Every structure is written in structure tokens, then in C-alpha cells.
Amino acid sequence: MSKEEEFVFLFEELENSKNEEEVYKSLKRILKESNSEFYKNKILNNPYFKSLVVDVREDVLSEISEIRKSLKDEIKSIDEEIINLLSKDKDNPHINKFKSLKRDCISLVYEIDDRKRDIVNLI
């Protein structure tokens with residue numbers, strides 16, 4: 001499923017929410033999981049959803065900050081493992097796997113930072 005298709009699915013969930021709790025849950029998922037290019041106009045053009053963004057924004061920022069912290073901890077752990085492997089055998093084939101995993105984690109940190117900026121600047 002593409003990112004846009006995923007957004008459409010999440011937005012439909014939001015529109016079909018039956019109570020405020022479901023609205024909050026769906027709105028939080030949209031803010032966390034979707035690119036602002038997809039949701040900015042649809043959410044901000046709806047006065048009800050727009051008013052709720054202010055309510056859920058801090059929760060979402062807190063949650064993604066925790067995810068970012070976990071990723072940073074994982075990067076640190078990967079670095080330690082790479083150093084450990086290098087000290088034993090510089091030609092260890094697992095070193096490249098760890099380096100690749102580290103690059104993936106760093107990319108996710110950048111993605112989280114972008115998402116955080118989008119959410120902070122939303123309103």
C-alpha cells in the first residue's frame with residue numbers, strides 16, 4: 001500500500017469515527033503516519049478536525065519523541081557492536097550488515113525529525 005493509499009484509508013477511518021475517542025485515535029495516527037502533504041488541506045479545512053489537532057499534537061509529538069529516543073539508543077548499540085566486531089576481526093562480514101542497519105535507523109531519525117517539524121508547524 002502506498003503512502004497516499006494509506007492516508008486515504010486513515011482519513012476514511014477518521015471521517016467514519018463514531019465518537020470522539022475514535023476521532024482522536026484516527027487523527028493521531030494520521031499525524032504520526034502520514035506525510036503532511038496528504039493531510040494538511042483535508043484536516044485544516046475542516047474546522048472540527050482543525051480544532052482537535054491542537055489537542056492531539058502534544059501527544060503525537062511526545063510519542064514520536066519516544067520513538068526517536070529509542071532509535072538513537074539503537075544506533076548507539078549498533079555502534080558499540082561494530083566497534084566490538086572490529087576489535088576482533090576487521091573483515092567480519094557482519095560489520096557491513098550492522099552499518100546498513102545503522103543507516104536505516106539514521107534515515108528513520110531524519111524522517112521522524114521531518115514529521116515533528118511538520119506537526120509543530122501545522123497550525
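**Pocket, core and rings in a predicted model**

The largest pocket of this predicted model has a volume of about 180 Å³.

Me: Which helix supplies the largest share of the lining of the largest pocket?
Reply: Ten names can be read along this wall: Lys3, Glu6, Lys32, Glu33, Ile64, Ile67, Leu108, Glu111, Ile112 and Arg115. At least two residues each come from α1 (3–15), α2 (20–33), α4 (47–88) and α5 (94–120). The largest share, four residues, belongs to α5.

Me: How many residues of that lining are charged?
Reply: The lining includes Lys3, Glu6 and Arg115, as well as Ile64 and Leu108. Four of its residues are nonpolar and none is polar, while the number of charged ones is six.

Me: Which helix gives the most to the largest nonpolar core?
Reply: This core has 29 residues, and Leu14, Ile30, Tyr39 and Ile43 touch the most other members. At least two of its residues come from each of α1, α2, α3 (36–44), α4 and α5. With 12 residues, the helix that gives the most is α4.

Me: Is phenylalanine 49 buried or exposed?
Reply: Beyond its neighbours within four places in sequence, leucine 14 is in contact with Phe49, as well as with Val23, Ser26, Leu27, Ile30 and Ile43. The relative accessible area of phenylalanine 49 is 7%. Because this value lies under 20%, phenylalanine 49 counts as buried.

Me: What kind of aromatic pair do tyrosine 48 and phenylalanine 49 form?
Reply: Both rings belong to a cluster with Phe7, Phe11 and Phe38. Their centres are 5.8 Å apart, with 50 degrees between the planes. Since that angle is neither under 30 nor over 60 degrees, the pair is tilted.

How values were computed: Residues are numbered from 1 along each chain as its sequence is written. This is a predicted model: local features need pLDDT of at least 70, side-chain atom pairs count only at pLDDT 80 or more; totals for chains, interfaces and linings use all residues. Side-chain values use heavy atoms; hydrogens and water are left out. On a 1 Å grid over the protein atoms alone, a cavity is a set of points where a 1.4 Å probe fits but cannot get out, and a pocket is an open set with protein on both sides within 12 Å along at least five of seven lines; lining residues have an atom within 4 Å of a point. Grid points are joined across faces, edges and corners, and a volume is the space filled by probe spheres set on the points. Ala, Val, Leu, Ile, Met, Phe, Trp, Tyr, Cys and Pro count as nonpolar, Asp, Glu, Lys and Arg as charged, and the others, Gly among them, as polar. A nonpolar core is a set of buried Ala, Val, Leu, Ile, Met, Phe, Trp, Tyr and Cys residues joined through side-chain atoms within 4.5 Å. Buried means under 20% relative accessible area, exposed over 50%, partly exposed in between (1.4 Å probe, protein chains only). Contact means heavy atoms within 4.5 Å. Rings of Phe, Tyr and Trp (its six-membered ring) pair if their centres lie within 6.5 Å; planes under 30 degrees apart count as stacked, over 60 as edge-to-face and the rest as tilted.
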